[in-house]
Amino acid sequence: MNDILVNLASLGDKLAAHVLLAAAALGLGIIIALPLAVWANRSPAVSRVALGFSSLVQTIPALALLALFFPVLLSLRAVFGEGLPTLGFLPALLALTLYALLPILRNTVTAQEQMDAGVLEAADAVGMTRWQKLQLVEAPLAAPYIMAGIRTAAVWTIGAATLSTTIGQTSLGDPIFAGLQTQNWALVLAGCIASAGLALVTDALLGAIERGFQMRRRWLVWAGITLALAGILAAAFAQRATDDNAIVIGAKPFSEQYVLARLIGQRLQDAGYAVEYRDGLGSAVVHEAVTSGEIDIAVDYTGTLWTNQLKRSDNPGRDAMYEQLVRWEADTTGTLVLGRLGFENAYAFAMKKDRARQLGIETMDDLAREARRLTIGGDVEFFRRPEWLAVEDAYGLKFGRQRTFTSTFMYDALKGGEADVISAYTSDGRVAADGLLVLEDPRGALPSYDALVLISPQAAKDSELLAALKPLIGAISVEAMRQANYAVDRLDDKRSPAQAARELARTIDAP
Amino acid sequence: MDQPSHALLEFVNVRKAFASTVTEDSAVDVAVDGVSCGIAAGSFVALVGASGSGKSTLLKTVNRLGDPDSGQVLLAGDNVQDAAPAMLRRRIGYVFQGVGLFPHMNVADNIGIGPRLSGTRASDGRIAELLELVELDGSYAGRMPHELSGGQRQRIGVARALAGNPQLLLMDEPFGALDPLTRDGLGKRVRALHGQLNLTTMMVTHDMAEALLLADRILVMEKGRIVADETPRSLLKGAGGPIAQAMVAVPREQAAALAQMAQLDGPA
Ligand SMILES: Nc1ncnc2c1ncn2[C@@H]1O[C@H](COP(=O)(O)OP(=O)(O)O)[C@@H](O)[C@H]1O
Ligand SMILES: [Mg+2]
């Protein structure tokens, strides 16, 4: 309970960013939906297209909608120039605005359809112009319905805004995503409570405005509007306090990335830099974010870039792969590969030691021999990755059974005997903690996954920054990384990523 | 019965058709089929006919709630189509069965809407005066429409139509939804106002008895055409042709039947 309170208290800047994002999306949604609804009311074709489109948008999962704006904005750079942001506030705003459209549009159109024909005829007959009719009759009569639509849109938007964390926009989703990855439930709960609380307060305020319209109590309408605006202004004021010049460090949504981002951030802070973290960036988004300068620094892995960016499927060997990558980044994206951190986070096949000994398995070749009698467990994407196909090919692997788990439960499955072998990650703390045997790969089928530091083209010009980070290169052993990861992942005596990073830093400074 | 010389309102070969919704084969439904007639200033004209005969369609060509396909409507000699609809309508009172009070405005604001649209404001005294015209006291000014009975609502409807001092009052089955007693009282009141305010009134009704009792000229419509144009007196004397006479027969037979019943039972 106390943990949740402490976490809640630290969410001020996330809350401010969340409020501003949701308010902007809602405002933009209103500005678009209201005239569109008036137009739709005068033209059945417009009505069909507008309602059809906004209903279609609703069927796209919010997470996907947010992610889709990244490539859309990227392609729009051809029109608007390289300055167009592809991550963060802009794509989140656009996606959430689309999301907010439907309830406002539908309620406004319905309000107009339901309007008493006699009242509308009277409005014409007493000599109202079109504008007077809209202003004096249609708008006031539709207002309660429109407010109800805005209310629904507000609640949806505030909920969906938590997902904007995945495209690099600070929000109350940050603690939720980070907490889920590191199994820090107090953090998850704090994020959920804050966002649900915000939704409830907003709903109550907008509900008061709606009732004000219904009962024609002007003071209630104005009180509601004033309070809502005050909240938005307070958030804007709080936001102004954040530093524009801060170095932004990105992280993919898993513990190792959180820890390394803190490790880098702490060094920079010691060197006098202001630092911000963008946690939980989608894995596909991180590389583009750093090359485009949306973020300044990220940690990525050779094998990932090799397949996803260079689109290569061959395996030239660990060092050759790294050297080609450095050259490729310099030539095509202008991004600096500062260096390798010293450990790999590769896919590897792991078994319980006693089970492996019992079956006489030490290498992948041994595994291939026994595979037909065994069950393999992989994470959700593993069996679709090129690495799996490469390994299957190289060793002629044919398992008796194939099962998919989330990465956290994969280790439990191995422990509980639901899988005999899993696709583990070499730097995962649980490999050592659970006493697992990592099978050798004598044919080199699995590419290497050296962790490396990417620096955006702009940040690469800052020699002090580079100097501050240089000591990290080659300084992190896989054992040290496993220990730090485990400190964050384990259920007892849990460390925050920042604490784990500080402990990791000590092993670097005092080798 | 042409009276073009001192007609306030004149229909010249007015025709209007709607795309038929009943038959699919692009047939059209002729609602008003070449109507020509003049309405003298100061007259109270009833437009009577079966449902669907085109009465409302004809009436709405006057205040441009529905423009004719061909022909002209002249108001004081000017083609109404030359006027901006909103401006034209502010000069013409319009009362219809649905009343159409603005539910979010109180009685005073409903009555004062016409002046407000023209940029002036009806004073409290003026509102009280208009309420008095329709036999309601000033305390009604602050009420909301949903707090009124059907009869009171239509009284407000009439007051609203009169607020702009119109010369011409158009009414489309104004009392159609009211109970007989209320209907009778309000009918008489409107007829009195017609004289008091020097109005020219055109009232649509499907009730011949009402027309006979209130109007001084009755136009009978059938399938978009005017088939009879008579005074109540001449209609009662048998003029106007078979369609008009069939309509007159109904109240006449009812009256006769009632009189007979009264005679048979004797005085109570
Ligand atoms: N807005 C409209 N759209 C289509 N047809 C209409 C419309 N208004 C009237 N009509 C048709 O025109 C004819 C005359 O209608 P109307 O003038 O309302 O008759 P009345 O008032 O005598 O009952 C009817 O056949 C009716 O169906
Ligand atoms: Mg009618």
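Which residues does Leu9(B) touch, not counting residues up to four places away in sequence? In this predicted model, the list runs to Cys37(B), Gly38(B), Ile39(B), Val62(B), Val73(B), Leu74(B), Leu75(B), Leu168(B) and Met202(B).

Leu9(B) is also a good way into the bigger picture. It belongs to the largest nonpolar core, a set of 97 residues, and is listed there with Met128(A), Phe11(B) and Phe102(B) as having the most contacts inside it. When it comes to who supplies this core, helix α5 of chain A, residues 89–113, gives the most, with 12 residues. Domain 1 (2–240) and domain 2 (247–345 + 450–509) of chain A both chip in residues, so the core lies between them. There is also a second, separate core, this one with 75 residues, and Val275(A), Leu472(A), Met481(A) and Ala505(A) are among them. As background, nonpolar side chains in soluble globular proteins tend to be buried together.

Chain A also comes with a label from a database. An unreviewed UniProt entry annotates residues 15–206 of chain A as "domain: ABC transmembrane type-1". In the model, that span is 84% helix and 0% strand. Its two end C-alpha atoms sit 19 Å apart.

Next, the empty spaces. Four cavities of 30 Å³ or more turn up in the structure, and the largest cavity holds about 170 Å³ of space. Some 16 residues line that largest cavity, and the ones nearest its centre are Val126(A), Arg89(B), Ile92(B), Arg160(B) and Ala161(B). Two or more lining residues come from each of these elements: α6 (117–125) of chain A, plus α2 (85–90), β6 (92–96), α4 (113–117) and α6 (150–162) of chain B. Strand β6(B) takes the largest share of the lining, with four residues.

Last comes a single residue, Val227(B), found in strand β10 of chain B, which covers residues 225–230. Is Val227(B) buried or exposed? The answer falls in the middle: its relative accessible area is 34%, so Val227(B) counts as partly exposed, since buried means under 20% and exposed means over 50%. Leaving aside residues up to four places away in sequence, Val227(B) touches Val220(B), Met221(B), Glu222(B), Gly240(B) and Ile243(B). Then there is Gly49(B), 178 residues apart from Val227(B) along the chain, with 9.6 Å separating the C-alpha atoms of the two.

Key:
Residues numbered from 1 in each chain as written. Chains lettered and ligands numbered in written order. Predicted model: local features only at pLDDT ≥ 70, side-chain atom pairs only at ≥ 80, totals over all residues. Heavy atoms only, no water. Core = buried A, V, L, I, M, F, W, Y, C linked by side-chain atoms within 4.5 Å. Buried < 20%, exposed > 50% of the residue type's maximum accessible area, 1.4 Å probe, protein only. Domains from an automatic or database assignment. Contact = heavy atoms within 4.5 Å. UniProt positions renumbered as here; feature names shortened; annotations may be inferred. 1 Å grid on protein atoms, 1.4 Å probe; cavity = no way out; pocket = protein on both sides within 12 Å on 5 of 7 lines; lining within 4 Å. Points joined across faces, edges and corners; volume = space filled by probe spheres on them.
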